[in-house]
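Visitor: I am new to reading protein models. Could you walk me through one, feature by feature?

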Amino acid sequence: MPTLNIQGHKVQVDDVFLSMTPGQQNAAVDEIAKSLPGAPASSAGGVSDAAKTGIAKAQELMKLSEEERRKLLPPADPNTGQPAGVPAFAPGVPGYNRLTGEIDGDDAVSKIRTASGGILEGIPIVGPMIRGGVDRAAAATIAAMNGEKYDDVMRRIEAGTEAEKSMNPKLDTAAQVTGAVAGTIPALAAAPEAFGIGATTKLGKYAVPAITGGLMNGADSAVRSGGDLNKAGLGAGVGFATGLAAPFLAPLAGRGVKAIADKIQLNSIAKALGLDKSATKVLADAVRQDAVEPGALSQLGENGMLMDLGPNLRQTAGAIAATPGEGKAIVRNAIGARDADANWRIRSSINETLGEAPTPSRIIDRANRNQQYLAPLYREALREAAPVDAAPIARYLDAEAQTLRGDAQKGIQRVRSMLDYVPTPQEIEQARATGQPVPSGLVTDAETLLNTRHAIDDLLQTAQGTNHVNALTTARQAVDDELAASVPGIKEVDAKYAELARQKEAVQRGQTVLSSGREAPRPDELADEVRQGALPQGLQVGPSAVPLRLREGARAEIERIVGTKANDRVALQQIIKGEGDWNRARLSSLFGSDKAKAIIDLLDRERLFNDTSNIVTRNSETAARIAARDAIDGGRSSGFGVREGFIAGGARGATRAAATRSVERVIDALSNGGNEKAISDMARSLTGGPQQSAVLDALMRAGQGSRLQQSQIDRVARALLLGGGNAASRP
């Protein structure tokens, strides 16, 4: 038979008890409890009518036999197996047996209910109302499903809740605190000014959160105590104290939690990299101070090293290079090997980008030979030539000679004399023999006039002064016009000859485009020259090769600069790249923007590598001098600080002294670590390796610290102080 646990006594019940309504069962249990040993005496008239009726009915039924009592029970319900009118068993409270009255506080469902209910109830001010609303909704649901009275179910739920709390006090307290903190955080986010967050005045920073804490905690205590003013005042005092302490304690907690999180992350990253923690911290600090950006290493190409990414990383490498041991050899060997390959690296990269460099003299010699190869074409054209009429040209030159003066006049007179017919010795002898005058006048032979034009071209090569050049140019044009009219096909040959002449000039011009003097074209001028140079001139067919010759001249000049300055990468970069943007624009006009960028980036990288080499070497020498000084004076010297450096050498001296101090600090940090393996690992990390990018990413994460923001921790700490104090002072 089923039993009830009533005040520690086991009491058997039968089917008659089970057939009672829940109200009758509760009344019967109360009466049985009063009759048990040790039960307090009840006052007269304390038994309810329902209890008396239930007891009387139970006493009558107990007189019957078991078989007679079964006959009185209604038939069983085929669906539930229960007697008709008796609802199927449905526990209203997890962990609470309504038949036996036992509470299983260790039940998992009971713990879950205690935790979830405690969190809801712990929310400041509105928590009890939320918890009560949930319980009332559950009671209404159970009552509707089982046909019970709402008040009976509600009392049973409340009794179960209190019993579960008593069986799980620590869990309930933790849940209440969690609910208090979780309920305070949204308020902090919604109205941070009310908690002193972001305040600039002392009143707003300290007084406002104290007042807010007092009001919030006082209201919460009033709600939970049913309006008890004493308890509300106590709660307000606790809230005021925690609110006043929050601005002082929350930042300290934030810094502490952030430091712990950063240390945990640093240890994790150091373990993943296989580095010593102190070594990882030194490298991570250097990366952070240099503000290294993601992808910075890939921009330096396959020869880039971590030490190239910033001054602090270079100083660290210099300190390692000055510290005796394996690390020193690793750094110095890596720098030396890269420097040794600099010339080959620069030449091969430029050749790969711009192609092999030509020799300007060979291009010009080839053009001269090709011009000579045109001589048969000229002879072929002259074979069909008609006599030329030089009289108009002569009259023009005679008039110019009367008005021009100086070199221009002399030049015109020389050209005019070239038009006079010069008799041959045979003609002179024949004229004397016959008594005839010697032949004279102007030339009529086209070949002679062509040679006159060639002579004018030679004069133009050495002409000085604008008037002189203009006069000779006009004279040449007059001669050229007569040849075009008298010699069919000569202009086609002239076009070929002129194209070769333009190409020779373009080669010479290309060698000046990167210079910084006045002879160098401006970027827009060079762009125009390239565009105009491609256009055919005269009767030429097809585009001109002038742009190609300009590029070849510039490429030859780059090769000359590299050949004479490759060992000085700083000078090389300054000459080719220049101080401004002009050379970049000029290179873009000649070779295209992509190739120009590749060349400029190459030179920038090599200059950076050169700077790294110099800094690491200089730091090593500086550290060696420091060590020698300390060995001489026993380390008693006060050192040469920034102030002394400024007095001795001005701003540059102060900069050098500051760099020396930074090297000393890094050396001290490495030496105090006393871990040669850690220094060697740092050296390998700084000088390259297949995993450089991964190492850099890890160091950047370590330098940035954990993702926890101190401001967020500050808010959580404030919520913990206010909400925790609230939960601790609740009635």
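Guide: Happy to! Let us begin with Ile600, a residue with 0% relative accessibility, which means it counts as buried. Ile600 sits in helix α27, which covers residues 593-633. Please keep in mind that the model is predicted.

Visitor: Which residues does Ile600 contact, leaving aside its neighbours within four places in sequence?

Guide: Contacts like these show what a residue packs against. Here Ile600 is in contact with Lys577, Arg584 and Leu587. You can also look at C-alpha atoms: those of Ile600 and Ile576 are 8.0 Å apart, and the two residues are 24 places from each other along the chain.

Visitor: How many helices and strands does the protein have?

Guide: Counting elements gives a quick outline of a fold. This protein has 31 helices and two strands. Of its 731 residues, 39% are buried. Take the contacts between residues at least 6 apart in sequence: 67% of them link residues at least 24 apart.

Visitor: What is the average pLDDT of the protein?

Guide: The pLDDT is the predictor's confidence in each residue, from 0 to 100. The average here is 75, and 63% of the residues score at least 70. Residues 86-101 have a pLDDT below 50, and in the model this stretch makes 34 contacts beyond near neighbours in sequence. Residues 631-657 are also below 50, with 23 such contacts.

Visitor: Is Thr687 buried or exposed?

Guide: To decide, compare the relative accessible area with the cut-off: buried means under 20%. Thr687 has 15%, so it is buried. You will find Thr687 in the loop between α29 (676-686) and α30 (692-704).

Visitor: What does the side chain of Thr687 reach at 2.8 Å?

Guide: Side chains can meet backbone atoms as well as other side chains. In this case the partner is the backbone oxygen of Ala683. Beyond its neighbours within four places in sequence, Thr687 has contacts that include Met305, Met307, Ile330 and Val331.

Visitor: Why does helix α19 lie largely in the open?

Guide: For a helix, count its buried residues. Helix α19 (residues 425-434) has ten residues and the number buried is one, so the helix lies largely in the open. Just after α19 comes Gly435, with a positive phi of about 75 degrees.

Visitor: How should I read a positive phi?

Guide: Most residues other than glycine have a negative phi. Ala291, a residue other than glycine, has a positive phi near 50 degrees. Ala291 belongs to the loop between α11 (277-289) and α12 (311-321). Its relative accessible area is 54%, so Ala291 is exposed.

Visitor: Which residues are closest to the centre of the second largest pocket?

Guide: For a pocket, look at its volume and then at its lining. The second largest pocket has a volume of about 800 Å³. Of its 24 lining residues, Asp457, Arg476, Tyr497, Ala498 and Ala501 are closest to the centre. The elements that give two or more residues to this lining are α15 (360-372), α20 (446-462), α21 (466-486) and α22 (490-510).

Visitor: Which element gives the most to that lining?

Guide: That is α22, with ten residues.

Visitor: How much surface does the protein expose?

Guide: Surface can be described by its area and by the atoms that supply it. This protein exposes about 39,800 Å², and 55% of that comes from carbon and sulfur atoms.

Conventions
Residues are numbered from 1 along each chain as its sequence is written. This is a predicted model: local features need pLDDT of at least 70, side-chain atom pairs count only at pLDDT 80 or more; totals for chains, interfaces and linings use all residues. Side-chain values use heavy atoms; hydrogens and water are left out. Contact means heavy atoms within 4.5 Å. Buried means under 20% relative accessible area, exposed over 50%, partly exposed in between (1.4 Å probe, protein chains only). Helices (H or I, at least four residues) and strands (E, at least two) are DSSP runs, numbered from the N terminus. A polar contact is a pair of N or O atoms within 3.5 Å; within protein, one must be able to donate a hydrogen and the other to accept it, and residues adjacent in sequence count only if both atoms are side-chain atoms. Accessible areas come from the Shrake-Rupley method with a 1.4 Å probe; for residues, only the protein chains shown count as cover. On a 1 Å grid over the protein atoms alone, a cavity is a set of points where a 1.4 Å probe fits but cannot get out, and a pocket is an open set with protein on both sides within 12 Å along at least five of seven lines; lining residues have an atom within 4 Å of a point. Grid points are joined across faces, edges and corners, and a volume is the space filled by probe spheres set on the points.
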